[in-house]
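Good morning, and thank you for making time for this presentation. I shall take the sheet as the starting point and then turn to the helices and to a few individual residues.

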Amino acid sequence: MAEQFISHSPEETAALAKRLAQDLQGGEVIAFTGGMGAGKTAFTRGLVEGLGGGDVVSSPTFALVNEYSARLTVEHFDMYRVDNWDDLYSTGYFDYLDTECVLVIEWSEHIAGALPEGTISIDIAPGNGETQRIITIDGWKGGGTPC
């Protein structure tokens, strides 16, 4: 069942991500949807910080995948430019699926047919005002108190 959270700032978004990070065991796939500037990378930054990796996250737009070392290794993918199966294979995505890494996928709608069962889906949509976000998480078993 999906849960909805309201964030009023990037800091609140990061705090929610840190709560989710506490429940991760390794091997999870986290699939983001949301427009440009929605807060996908901010959420990922909070997730990596929550796993003990520090403030090291940057957008993987040009690299396609960034790796972050923490309590669990995080592989951070940007699928914005993935248009077909050949593009997807070139990212190395399939090589990571059977690992203990946490896969974080921005623009996951571009690879919807390749997401495994049990994927944690996170949609980030604009709310009221410039910094408010409506964050809908489906597949997170931990849940928690809204921001």
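Let me begin with a definition: two strands are said to pair if DSSP finds at least two bridges between them. With that in hand, A31 stands opposite S121 in β6. Please bear in mind throughout that this is a predicted model.

First, the sheet as a whole. Seven strands make up an open sheet of mixed pairing, and their order is β1-β7-β6-β2-β5-β4-β3. At its edges lie β1, residues 3-7, and β3, residues 65-68, each of which pairs on one side only. On average, and ignoring direction, neighbouring strands of this sheet are turned by 20 degrees against each other.

Now to the individual pairings, beginning with β2. With β6, the strand β2 pairs in the parallel sense over four bridges. With β5 the sense is again parallel, over three bridges, and here V29 has L103 of β5 as its bridge partner. How many of the five residues of β2 are buried? Four of the five are, so β2 is largely enclosed by the rest of the structure.

The antiparallel pairings come next. Between β6 and β7 there are six bridges in the antiparallel sense, and I122 stands opposite I137 in β7. These two strands, β6 and β7, form a hairpin with six residues between them. In that turn, G129 has a positive phi of about 85 degrees. At the edge of the sheet, β3 pairs with β4, residues 74-78, also in the antiparallel sense, over four bridges. There, V65 stands opposite F77 in β4.

I turn now to helix α1. This helix lies across β1, β2, β6 and β7, and runs at about 145 degrees to β1. It has 14 residues and reaches 21 Å from its first C-alpha to its last, which is close to the 20 Å expected at 1.5 Å a residue.

Which residues of α1 are buried? They are T13, A14, L16, A17, L20 and A21. Seen down the axis of α1, the buried residues fall within an arc of 160 degrees, so they line one face of the helix. As general background, an α-helix has 3.6 residues a turn, so residues three or four places apart point the same way. The face of α1 turned away from the buried side carries the exposed residues E11 and Q22. As for what covers the buried residues of α1, this includes β1, β2, α2, β6 and β7.

A14 deserves a closer look. This residue of helix α1 has a relative accessible area of 13%; since buried means under 20%, A14 counts as buried. Leaving aside residues up to four places away in sequence, A14 touches A42 and G46. A14 and E130, by contrast, are 116 residues apart in sequence and 17 Å apart in space, C-alpha to C-alpha.

That brings us to helix α2. Eight of the 11 residues of α2 are buried, so this helix is largely enclosed by the rest of the structure. The buried residues are K40, T41, A42, F43, T44, G46, L47 and V48. Both contacts of A14 just mentioned, A42 and G46, therefore appear among the buried residues of α2. Just after α2, G52 takes a positive phi of about 90 degrees.

The two helices are also linked by a salt bridge. E49 forms this salt bridge with K18, and the closest N and O atoms are 3.4 Å apart. The pair joins distant parts of the chain: E49 belongs to α2, residues 40-50, and K18 to α1, residues 10-23, with their positions 31 residues apart in sequence. Are these two partners buried or partly exposed? E49 is partly exposed, at 26% relative accessibility, and K18 is partly exposed as well, with a relative accessible area of 34%. By the rule applied here, the count comes to one salt bridge.

I close with W107. Where does W107 lie? It is found in the loop between β5, residues 102-106, and β6, residues 120-126. The phi of W107 is near 60 degrees, a positive value in a residue other than glycine. With a relative accessible area of 10%, W107 is buried.

Notes: Residues are numbered from 1 along each chain as its sequence is written. This is a predicted model: local features need pLDDT of at least 70, side-chain atom pairs count only at pLDDT 80 or more; totals for chains, interfaces and linings use all residues. Side-chain values use heavy atoms; hydrogens and water are left out. A salt bridge is a side-chain nitrogen of Lys or Arg within 4 Å of a carboxyl oxygen of Asp or Glu. Buried means under 20% relative accessible area, exposed over 50%, partly exposed in between (1.4 Å probe, protein chains only). Axes are lines fitted to C-alpha atoms, for helices over the stretch in contact, and angles run from 0 to 180 degrees between N-to-C directions. Contact means heavy atoms within 4.5 Å. The expected span of a helix is 1.5 Å times one less than its number of residues. The arc is that of the directions from the helix axis to the C-beta atoms.
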